[in-house]
Structures are given as C-alpha cells and as structure tokens.
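Visitor: I like to see each label tested against its definition. Could you show me the model and take my questions one by one?

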Amino acid sequence: MDKNMPISRRNFLLTSAIVSVAAYGKATSGRLGLEKDPFIEDLIVRMTLEEKAGQLHMENVLTPRMIQPNFQKINPFTPNFTPEVAEGLLNDQLARIRAGAIGFMTSPEDIDSTILAQKTAVEETRLKIPLLFGADIIHGHQTVFPVPIAEAASFEPELARQTARACALEATSNLGLDMTYAPMVDIARDQRWGRVVEGAGEDVLLGARFAAARVSGFQGESRDDLHSLLACVKHFAAYGAAESGLDYAGTAISERVLAEVYLPPFSAAFDAGAIVTMAAFNTIDGEPSTGSHHLLTEILRGQLGFSGAVLSDFQSELELIKHGFAADEKDAARLALSAGCDIGMASGIFPRYVPELVRAGQLDESVLDQAVRRILLVKREAGLFDDPFRRISEQRARSPAPSSHRKLAREAATKSVVMLKNDDNLLPLPSSGKRIALIGPFAADQENLDGPWSPFVPERPSVPLVDGIRGIMQERANLNVVKGCDIEASIAGGIDEAVNAAREADVVILALGESTDMSGESASRTEITVPPAQQDLAEAVSATGKPVVVVLRNGRALALDGAVRDAQAILVGWFLGTETGPALADLIFGKVSPSGRLPMTFPLASGQQPFYYARESSGRPPQGDSTTKFTSHFLDIPQVPLYAFGHGLGYAEVEYGPTQCNASNLNLAGSLDVSATITNQSRRWSAEEVVQLYIHDRVASLVQPVRKMVDFKKIKLAPGKSETVTFTLTAANLSFLKRDLQPTVEPGEFDVWIAPSAEKGTPTTFNLIGA
Ligand code: BGC
C-alpha cells in the first residue's frame, strides 16, 4: 500500500493558504492570460527596439513645481535642485517620454506630475502607449492606518481588506496612481530584520490570508473600478529569510522551505488577483532573485502559474554587478531580462543596453517581446488603453479623504493593540479620580506615530498618545506628562523629574519603544530591546513602587527586560498612525477591550532569533522552563518565548474547554470535526477571542513542526456566554512537501489543539487512515 497520498503542488500551495482566497478572489482572476491580444500584438509588431526597451523602464516622475523658486517638496524621493537644474531635468524627462523611452513612473509628488507625464505620453509619442504610475502606498496616504504587522495582530483579514481599499481610494484620487508596491507578504521569522513591520509576521497561514485580503482591498471588486489600485506583491522571494535578519543579506534555505513557508502568501495573492510582483534584493541558493531564471521563470511562472509582470526592486537588476553575478551593466541587463524580470526600477539599464544586446544577437528578441507583452497586458488590465486618465482627475485630487476613513483608522488601531499582561486587573484605568503620570519619549511624541513607509504628507497630523488620554480623562489636572529621556539618550535631570512625577501619581503610564527609523528597510538591529536610555528610565520609575502600565511603540517583537518586562500591564502599541492617541486611550480607559493577538513570538532574549513557534521538533527538545543540560536551549535562558505567537489578553477572562474530535479516525478522503467550548467568564466585559487550530504530525518522513496553525476564527462572546467552536479538518490540512517538492499526506497519528496561543492548550489525537 502506498502510504503517501499525492496532491497537486498548486493545490498544496492553495491549501496551505486554506480558504484564504475563496472569500477574496472573485471578479479578478489572478492568472493574467497571456492569450494573444490582437491590439497588443499589433503594437509589438510596430514597436522599435528602443520603444520596446523603453516599456521596461520605470523612473521617478518629476513634478513641474520643482522649477518654482519656492518649491517645497512633499515627497522625500523628489530631489532638491536649483530651479535651473530642475528645469533641465524636467525637460530631459519629458523628451524621453516623447521618445517612448519610459514605460512606468514612480512616486509622483502631486497630480500635476501625473497629468503632465501622461499627457506627454498619450499625445506626443509615436505609439501613444500610456504610462503606468506606481508608488509605495503601504499603510496609508491621506489617512495613515496602522503598520501592516499591527493590522495582522487583529487576526482579521477583512479589516486589512478595508484599510487597503481606503488606501486605494485615497491614492488613486489624490495622485492618480495605478499601482502600489504592496502588499509585502514576506514571512518574517527573525525579528532583527527591520522589515517585519511591513508584513503579517511569522506564520504561513496568517500571511496567506492577509496577502489575499490586502490584494483584494487594493484592487477592489473589479479592475474596472476607478479606484482599483494594482497590487505589486513583494518581495519575490524569501526576502524575510535574510541570514541573521540582516537586510540585503543572502538566505540559507532549502527549496522545500522556500516552497512550504515563503511561497504560499504569494500564491494566495496571485489567486486573489495580483498581476505584478517585485523581485527581491536577496540571493537564494547563490542566485540573486532578480537574476534567477530558476526563481522568476521556472518557479514563479512554471510552478506557481503566474503570468503577470515582474518589477525589479529599486535597482536590484543593477545590483547583480555588486553581487558578483554580472560583469557589467550590459551583462546585468541581459541576465535580469532573461531571468524573467520585466521592468527595471530606476536603474535605466534596460533602455540603455537591451536594443544593443538584441542587435548583437546576445539576447533573443522573443525574450524582449514576452516582457513587453506582459507589460502591455498589465496596462490593459489597469484600464489604461481604454482611458489613460481614468484615475487622473484634478477635481478628485483636491477632494479630502472620506470621513469614514478616520473612523476605520480608529477601529483598525484599536484592533491592532495586543495586551500582553494585566496583573491584578490594573487596566482599564478609571477616567476620573486617579492621578496619572504619563512618562517616556513617546508620551507626547509626534514624530513617530505613523511608522515606516509614510512618505506622503497625511491630511491631518496623527494624534499623539497624550492627546488621546487628555480626551478621556475628566480632571486634566490629574495628568502629569514627563518625557524623562530621549529615544536613545538620557536628558539632563530627566530621570529625576520622571521619578518625582511617579511618586506623586497613583499610576504610571510608561510610553517606551522604538522610533520610526528603528524598523523598516535597512533597519536591522542586533539587540531587539527597548533602548538603554529608556530602560534606565523604566528601572528608576518602577523603583518608586507605583503600578506601571507600559505602552510600547514598536515595529517588531521586542525582547523585554527588567522593569519593562515586569510592569503590571503591557500593551503592544506598534505604529498606529492617524488615530494613535484616541485608540490607545480607548483601550487604556476601557472604552474598548483589547483584542489583538501576537502575529509573531516575543522572545526572552535577542539571542534566540530567529525564534518562531512552528520550529522543527528537535531530537533533544527543550524542557519548558528547565535548563537541563543536553537539551536544546541557550546556557543562560530556557528555550521558551516571553509571549507566544497568538497570545493576547482582553479585559474578560476566557476559558477553553477540552479539544474534542467527532471521531478518532480521519479518512484520507473524509473530514473530521474538531471542537472546543470557549467561555467568557466575565460578567461585565464582552470578549473577542481568536480561536486557533494547531496540528502536529507525530511521525512523518520529514521532521515536522512542533505545531502548525491550520485555521483560526475570531469570535465575539457576550459576558457570561459560551460558544462551541468547530473546525472541519481534511487531509489537505495535514499535507507537507516532500524533498522532491511534491505535496503529500502521510497516514498516522496527529495531535490537535484548539488553543488561545501557540504554547497553550492540551492536545487530543486522531489517526489519519489511508485507503
Ligand atoms: C524597497 C521596496 C520599495 C522600493 C520603492 C525599495 O528599496 O525594497 O520595498 O517598494 O524601494 O520605494
């Protein structure tokens, strides 16, 4: 009897993203048909080599306002020049648009730039091919929503769909954009990597569900929608696996791990309708992603069935030279294009060298034609051939964001916050009758509310924590605000002032954490801790013996220590954007109960990185809190998290009944119901609970993770109420990839948990039986 049941690889990648797509994939098919469109084929036949190579090129669009003497730039990507130099540059760019030497433009500063460039393209070029405009709309534009990792903590993909929809509406209206370089769907298991802030965390299933939801949100129900913003899913692939969490470093993963862990969110995004993806900066198995034919053609187009276009990451095609993979610019252009990278971001090497490469017989023209075909199909799908100005409207650009976006930002912010602990029910605080000392560099901070990737000027300044608190506290005189220290340095007398304020207060709120610059691109940290100056402040304040609530500002999981770790209550506050202060205050004073859950593990120490729950079973497993010699742990700490993936508290206490299966066997072709009764013990508070389903394959031909989340549901429980939550398991939930990358399920015994986090609960078992 063959004990393995093969299933197709595509199905595997789909089932790994279980049901993620079903809810979001509708109107827009993810697999862009490369069927020959007579209109496009006719264009290709008429294009010169230079015009074809021009379509492969993206560059920063310059604003005509640059030449005004008092030009104030909004967008940090716009260079600073004298008016004369600016005029020369602008004229030069317009001349290149006229010559058909530019296909895509990025990061417009204002609607004037988009109008001028598009008019030039469609009125003054020989073939009148419209430009496509892209930018980094990551978590906001006029309204700033929480950073993506924060929204993932809501475990509510639908919320991320809604905020992505709002971003799309604002960016298409305000700038006439056609595409965003988002979502970032890189699984991130090493918290030293700064870009964990841009994704959905460490888990494959959570990542896949958020990937699909965000694509669906950006693109809307139909690409015909005026506010449909194409999603460019990034970074293909395994950028999050950068060795030691160091940005731009190579990866050391097997192709099986690539397929099992890093690709499913991309697959889910493509199924939800994404037709553009961005090649990553990193190498995989010795090949830079942007120059890897194996990755961009065999895996992406062959195995995943993606037929859209690939955009390089900022000059990553040029970086093939520094990698030592290409000899010079010409070689880099040839390698990247032949690998399957269709559009070069900002380097200019495609228009510079591709015509010459084709003429010299060093690049087959069919390779160029295929890239151009994909690009023109993407432009067709964006509706640009029907109406190149469909998204560009001066009138819409002047409209303020709908007021509903602010409400959505508040909801998203409150749902993103994770309460890690709340000893003796210190929270919520009463809104009157208590003296509060609000201490720390993030108490009144206005600079670090939005977090990384907020390059455009939002419509209104985001609201700091202190203003949110003032908005709820009834006696203003009861609030004392002291900075105490800077983010990374002490300030003279700061600690003394903070200690005095703490002594005079009934309770202290300590606002600590990371600045915007400490996460995001090129922001890896060796120590993922609260910076020493803030730690010193926390130690001094805590020594007063006053109860302390820590409110973190952070773009990654932190290794909390000392007085920060030991505070009575801790809220993970991320970068919440426009509604930071009001949302945090709602939670602190109990207008809303916290409901977020950790989308990644909080470790005990930085040295545990990469540390994630779905790690492989060891031959010498760690023994919980014990540090017994010859088991897998570091000498100085037990190998446990401080707070596990999935953990988070609300004001209601929630109890999980035992996990039960409706049968002891699951047939390969059948299904099994797994359920548990969840009870809200509180008489006062309703609860929002993220009920998580984990499995563990006890014996398999490849070592399996100690636990793997295969489904989750978010439920609401009124005070005192219970609900029996049931998940239906099928063999597809139990599959894994074999060494030959073929998906399989192996009959045998499985543990299954319904639990509130990856470290909690008692499993029950069932048998998967083969035919
Ligand atoms: C980042 C991308 C981003 C691009 C354009 C790169 O440095 O890696 O994520 O989309 O810049 O701003």
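Visitor: What is the distance from an oxygen atom of the ligand to an N or O atom in the side chain of Glu521?

Guide: That distance is 2.7 Å. A polar contact is a pair of N or O atoms within 3.5 Å, so the Glu521 pair qualifies at 2.7 Å. Please keep in mind that this is a predicted model, where local features need pLDDT of at least 70, side-chain atom pairs count only at pLDDT 80 or more, and totals for chains, interfaces and linings use all residues. Residues are numbered from 1 along each chain as its sequence is written, and side-chain values use heavy atoms, leaving out hydrogens and water.

Visitor: Which distance makes the Asp136 pair a polar contact?

Guide: A polar side-chain atom of Asp136 lies 2.4 Å from an oxygen atom of the ligand, and that value is within the 3.5 Å limit. For a side-chain N or O atom of His235, the distance to a ligand oxygen is 2.7 Å. On its own the ligand has 310 Å² of accessible area (Shrake-Rupley method, 1.4 Å probe), and the protein covers 93% of this.

Visitor: What makes Asp136 and Trp453 count as residues around the ligand?

Guide: Both are listed around the ligand, as are Tyr181, Arg195 and Lys234, among others. The test for being near is a heavy atom within 4 Å.

Visitor: How many residues of each class make up the shell around the ligand?

Guide: Six are nonpolar, one is polar and five are charged. Asp, Glu, Lys and Arg count as charged, so Asp136 and Lys234, both in the shell, belong to that class.

Notes. A polar contact is a pair of N or O atoms within 3.5 Å; within protein, one must be able to donate a hydrogen and the other to accept it, and residues adjacent in sequence count only if both atoms are side-chain atoms.
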